[in-house]
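Biologist: Could you walk me through how the helices in this model are judged? I would like to see the reasoning behind each label.

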Amino acid sequence: MSPIEIGAGVVLALCSVVIVLVVLIQESKDDGLTSAIGGGYNDSFYGKNTGNTRDAKLNRLTRNAAIVMFILTIAVSVIHKYLSK
């Protein structure tokens, strides 16, 4: 294995751990019966500024870590294909 593959493998493992931890930290979106009756509509100040909340930041972190993991997995696969010849 080349140093590039080892480094990418370490980054992939770190991305995996980050994704698992961030998903576990996030709160459940299940509002239960309140959402079913009221439709889950939130017109409060908190509802209008959801981009700045902790959950929004965790969602962005999850998305970005998943994108990095996806791209890195493909890159490692391509690198391994060309280095193993």
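Modeller: Happy to; we will take the helices and their packing in turn, bearing in mind that this is a predicted model.

Biologist: How do you know that the span of helix H4 agrees with its number of residues?

Modeller: H4 covers residues 54-83, which is 30 residues. At 1.5 Å a residue it should span 44 Å, and its end C-alpha atoms are 42 Å apart, so the two agree.

Biologist: And what is the reach of H1, from its first C-alpha to its last?

Modeller: H1 has 23 residues and reaches 33 Å, close to the 33 Å expected at 1.5 Å a residue.

Biologist: Which residues of H1 are called buried, and why?

Modeller: They are Glu5, Ala8, Leu12, Cys15, Ile19 and Val22. Buried means under 20% relative accessible area, so each of these falls below that cut-off. In H4, the label goes to Asp55, Ala56, Leu58, Thr62, Ala65 and Val76.

Biologist: What do those buried residues pack against?

Modeller: Those of H4 pack against H1, and those of H1 pack against H4.

Biologist: Why is H1 called roughly antiparallel to H4?

Modeller: Their axes come within 9 Å and cross at roughly 155°. Angles over 145 degrees count as roughly antiparallel, so H1 and H4 earn that name. H1 passes H4 in a left-handed crossing.

Biologist: What makes up their contact, by class?

Modeller: The contact of H1 with H4 has 19 nonpolar, 4 polar and 2 charged residues.

Technical notes. Residues numbered from 1 in each chain as written. Predicted model: local features only at pLDDT ≥ 70, side-chain atom pairs only at ≥ 80, totals over all residues. Heavy atoms only, no water. Helix = DSSP H or I, 4+ residues; strand = E, 2+ residues; numbered from the N terminus. Expected span 1.5 Å × (residues − 1). Buried < 20%, exposed > 50% of the residue type's maximum accessible area, 1.4 Å probe, protein only. Contact = heavy atoms within 4.5 Å. Axes fitted to C-alpha atoms, helices over the stretch in contact; angles between N-to-C directions. Parallel < 35°, antiparallel > 145°, perpendicular 65-115°, else oblique. Left-handed = near helix turned anticlockwise from the far one by under 90°. Nonpolar A, V, L, I, M, F, W, Y, C, P; charged D, E, K, R; others polar.
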